[in-house]
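Reader: Could you walk me through this model and show me how each label is earned? I would like to see the values set against the definitions.

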Amino acid sequence: MQLDYVTIEKQGQIAVVRFDRKANLNAFNEQLVLELTYVARGFHDDLETQAVVLAGAPNAFSAGFDLKATDGWPTETDDLKRRHRAYNGVRLCKAWEEMPQITIAAMERLAVGAGVAIALACDWRVLGNSAYLYVPEVKIGLNLQWGALPRLISLVGPARAKRITIMCEKMPAAQALDWGLVDELADDGKTVEKALEMAETAASMPAPTVRMVKQAVNATANALHASSVFADADQSQVTVAYAAAAAARKDFRGER
């Protein structure tokens, strides 16, 4: 696959994957989703790389999924093709979650919606001191998808997960650290450096044991995840059609 938005830099046993659309605060479009999925799957059989840092643009990790990008989508009349497209984000996050390497998201400035979802699929998260997290899906009449909801609940518990998703409040870095959504804070512009420090420590450990322990932790923590979100993209196909949701998206676009 030709990579237009994603680059991979190898540093011995560590890889740095950067994605940057150079538009709309690095919001996702369909091509970026496909590229990051392809890159993640390329690491699944990689026995040389032991840790992967995922970084967005310097001015924004990601502003979520670009609503403007969906305006240009052709009207899909085939139900199977429409459903397949709806699950692209689910496949993306699953591909990152199932990578055998330790994965660390390095987030600058902001992580919104889909940006939070892919970060939750990583093992650890580093956030810039001035950055914030924001999950506005309910505000635009959508459920949190891409398999992100159970991952969020595992990290912060049900009450805080409800507050994050329903209240749609921007969460500053210190609160994100306190609530367990991120693992480290770093000076602005230095999140990749901090993530690389963590990656180097992880990569210095016996690789077979690290991979085994990661798989064991995920198997335990994620045991019920599939049963709770197997239809989250299908649910979005329903909620997106609500009149209240359409009105909410119109208002939201006017705010941006």
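Author: Happily; we will take cysteines, a pocket, a sheet and one asparagine in turn. This is a predicted model, in which local features need pLDDT of at least 70 and side-chain atom pairs count only at pLDDT 80 or more, while totals for chains, interfaces and linings use all residues. Residues are numbered from 1 along each chain as its sequence is written, and side-chain values use heavy atoms, with hydrogens and water left out.

Reader: How do you know that Cys168 is in no disulfide?
Author: A disulfide here is a pair of cysteine sulfur atoms within 2.5 Å. The closest cysteine sulfur to that of Cys168 belongs to Cys93 and is 18 Å away, so the two are too far apart for a bond. Cys93 is in no disulfide either, as its nearest cysteine sulfur, in Cys122, lies 8.5 Å off. The search of the whole structure finds 0 disulfides.

Reader: Why is Cys93 called buried?
Author: Buried means under 20% relative accessible area, exposed over 50%, and partly exposed in between (1.4 Å probe, protein chains only). Cys93 has a relative accessible area of 0%, so the word buried applies. Cys168, at 12%, also counts as buried.

Reader: What makes up the lining of the second largest pocket?
Author: By class, the lining has 11 nonpolar, 5 polar and 6 charged residues. Ala, Val, Leu, Ile, Met, Phe, Trp, Tyr, Cys and Pro count as nonpolar, Asp, Glu, Lys and Arg as charged, and the others, Gly among them, as polar. Helix H10 (207–221) gives the largest share, 5 residues.

Reader: What makes S5 and S8 the edges of their sheet?
Author: The open sheet has 3 strands in the order S5-S7-S8, with mixed pairing. Strand S5 (110–112) and strand S8 (171–172) each have a single partner strand, so one side of each is left without a neighbour in the sheet. Two strands pair if DSSP finds at least two bridges between them; S5 and S7 (residues 132–134) have 3 bridges, in the parallel sense. Among the residues involved, Leu110 has Tyr132 of S7 as its bridge partner.

Reader: Why is Asn143 called buried, and what does its side chain reach?
Author: Asn143, in the loop between S7 and H6, has a relative accessible area of 16%, so it is buried. Its side chain reaches the backbone oxygen of Asp232 at 3.2 Å.

Key: Helices (H or I, at least four residues) and strands (E, at least two) are DSSP runs, numbered from the N terminus. A polar contact is a pair of N or O atoms within 3.5 Å; within protein, one must be able to donate a hydrogen and the other to accept it, and residues adjacent in sequence count only if both atoms are side-chain atoms.
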